[in-house]
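Please open the model in your viewer and follow the selections below in order, pausing at each stop before moving on to the next.

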Amino acid sequence: MSIGRLLGRSSVLMAARFAGAGLAFAGNIAIVRFLGADALGVFALCMAVASLIAVILPLGRQATATLFVSEYIANVHHGLLKGYLRNGYAIIWRMTAAAVGAGAVGVMALMGQVTFSTLLTVAFALAMAPALAFISFNGGVLTGARRQFSAFLPESLLKPAFILLAVFVSALALKKEGSALLLGIICAGCWITAGAQVWLMRSTELVPGGVDEDRDATRWTRTGWPWMFISLLWDYFIELHLLLAGLIATTTEIAVLHICFRLRVLAGFGMRALYALVLPDLYSANAREDRAALFSSLSRANALALGYAGSVCLGVWFVGEFALGLVDASFRSAHGALMVMCLTMVARAVFGPATAVLAMKDHQLPSLYSLTGGLIVSVLLSLILFPIYGIMGIAVAYLAATSLIAVVQWQLAWRLTGIDCSLFAKLRRAPDEDPSMPEPAR
């Protein structure tokens, strides 16, 4: 894909992402204005729990979907593609049944010890989790099939629109007693979004009719289960920090931290859009063993990602305080923490998509170990720095941990695969001609 076409497609995806994030941010503002900062803190923790459960349900299939779908389409293995899709859906449904059973046991064990409102909130979180799991899995499949617009548009626009709708309906109908209605409408929105993705997948006809189903269950399982934990640690690094903050911070501080992280996620949508467009080309080049195309994809992705990360940091420097003030004037004091959080994108842009490179060469465990180490570093630093610096302490811990992960994974990818996925590769000669490049581990 040319630079011009890549920029054009990524711009549309970024615009959709920003529009959806704007709706979600407006929903957060509405919660604070109509229901209070404490309500936003509770909402943030509830959504964090639902998101974390959703990571577990597919057993890593949502994270490997882009990899396998890209490979099977490139090699015209329609039978394996059909088998992978059916296997992914079956696993989500089976794990959902197990989660419901575990939830029922937990409710019976805690009956009489928690309030009805708490039980209702947990029930809605469990009801949302499988919908979020389907959204993630379908998005990975559509991305691998180069249907990025179908992958991201429903999630980017429908889900946040329902969140905003839920806030206003709850605030107008039930005032501060509208938690159940709020979560109920959001839950319905998640399922409608998942259904829209399924409809889009059927309309694209990924698998031709009459194809016999093939399976490679051993490889899918071997690759998938480490990615369940990798996704938990990487994609939901923020939610884990919010849960940690729930143990050491007040609900008001959690609300401020939640807004900062939401703005950080909003800023990161552009980089995700870039990688969503480039990774299928990267995986396809790897499947074809076309090293020239592979390094060309990496170079384009890294250069564009760095330019985007720098632009975001500059923008946050000038308008970040204003954005925080839209929620509440007291939130402006977190401008420095927001700036620190956004610097994490620079580290990721410089050292490249090492996690993806390791995955396509079947080296999932090194990514898992590095992420686990990074989380431990972040937890320890947060516990040490929060009592001294407050929210800024958690932001610094987040930056230090994510930067360390980026550096370690870059080195692991280079040593284990022979692929330097960082911007530094541009300073060397062509990879195939570089005698200093280490041999991949056997």
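**First stop: a residue in α4**

Select N87 and display its surroundings: leaving aside residues up to four places away in sequence, N87 touches R61, R215 and W220. As you look, bear in mind that this is a predicted model. N87 has its place in helix α4, and because its relative accessibility is 8%, under the 20% limit, N87 counts as buried.

**The largest pocket**

Stay with α4 and bring up the largest pocket, whose volume is about 430 Å³. Its lining is made up of 17 residues, and those to select for a view of its centre are L85, Y89, V198, M201 and R202, which lie nearest to that point. Two elements, α4 (78-110) and α7 (179-204), give two or more residues to this lining. Which of the elements gives the most to the lining of the largest pocket? It is α7, with six residues. If you colour the lining of the largest pocket by class, you should find 11 nonpolar residues, three polar ones and three charged ones.

**The second largest cavity**

The structure holds three cavities of 30 Å³ or more, and the second largest cavity is the next place to visit, with about 50 Å³ of space in it. To outline the second largest cavity, select I53, L57, T96, A99, V100, L126, A129 and P130, which line it. Here α4 appears again, since α4 and α5 (116-144) each supply at least two residues of this lining. Coloured by class, the lining of the second largest cavity shows seven nonpolar residues and one polar residue, with no charged residue.

**Two loop residues with positive phi**

Now turn to the backbone. Most residues other than glycine have a negative phi. Select L59, in the loop between α2 (37-56) and α3 (61-74), where phi is near 55 degrees, a positive value in a residue other than glycine. Is L59 buried, partly exposed or exposed? Its relative accessibility is 28%, so L59 counts as partly exposed, the class that runs between 20% and 50%.

Then move to D362, which lies in the loop between α14 (354-360) and α15 (364-389). The phi of D362 is also positive, near 60 degrees, and D362 is likewise not a glycine. With a relative accessible area of 35%, D362 is partly exposed.

**A contact across the sequence**

Next, select V256, whose place is in helix α10 (residues 251-287). V256 counts as buried because its relative accessibility is 9%. Which residues does V256 touch, if those up to four places away in sequence are not counted? They are F331, A334 and I391. Draw a line from V256 to I391: the two are 135 residues apart in sequence, while their C-alpha atoms are 8.3 Å apart in space.

**Last stop: the packing of α11 and α12**

Finally, show helix α11 (residues 291-327) together with helix α12 (residues 335-342), which pack at an angle of about 145 degrees with their axes 9 Å apart. The crossing of α11 and α12 is right-handed. To see the contact itself, display C313, V316, W317, G320, E321 and L324 in α11, which meet H335, L338, M339 and C342 in α12. By class, this contact of α11 with α12 has seven nonpolar residues, two polar residues and one charged residue.

How values were computed: Residues are numbered from 1 along each chain as its sequence is written. This is a predicted model: local features need pLDDT of at least 70, side-chain atom pairs count only at pLDDT 80 or more; totals for chains, interfaces and linings use all residues. Side-chain values use heavy atoms; hydrogens and water are left out. Axes are lines fitted to C-alpha atoms, for helices over the stretch in contact, and angles run from 0 to 180 degrees between N-to-C directions. Helices (H or I, at least four residues) and strands (E, at least two) are DSSP runs, numbered from the N terminus. A crossing is left-handed if the near helix is turned anticlockwise from the far one by less than a right angle, and right-handed if clockwise. Contact means heavy atoms within 4.5 Å. Ala, Val, Leu, Ile, Met, Phe, Trp, Tyr, Cys and Pro count as nonpolar, Asp, Glu, Lys and Arg as charged, and the others, Gly among them, as polar. On a 1 Å grid over the protein atoms alone, a cavity is a set of points where a 1.4 Å probe fits but cannot get out, and a pocket is an open set with protein on both sides within 12 Å along at least five of seven lines; lining residues have an atom within 4 Å of a point. Grid points are joined across faces, edges and corners, and a volume is the space filled by probe spheres set on the points. Buried means under 20% relative accessible area, exposed over 50%, partly exposed in between (1.4 Å probe, protein chains only).
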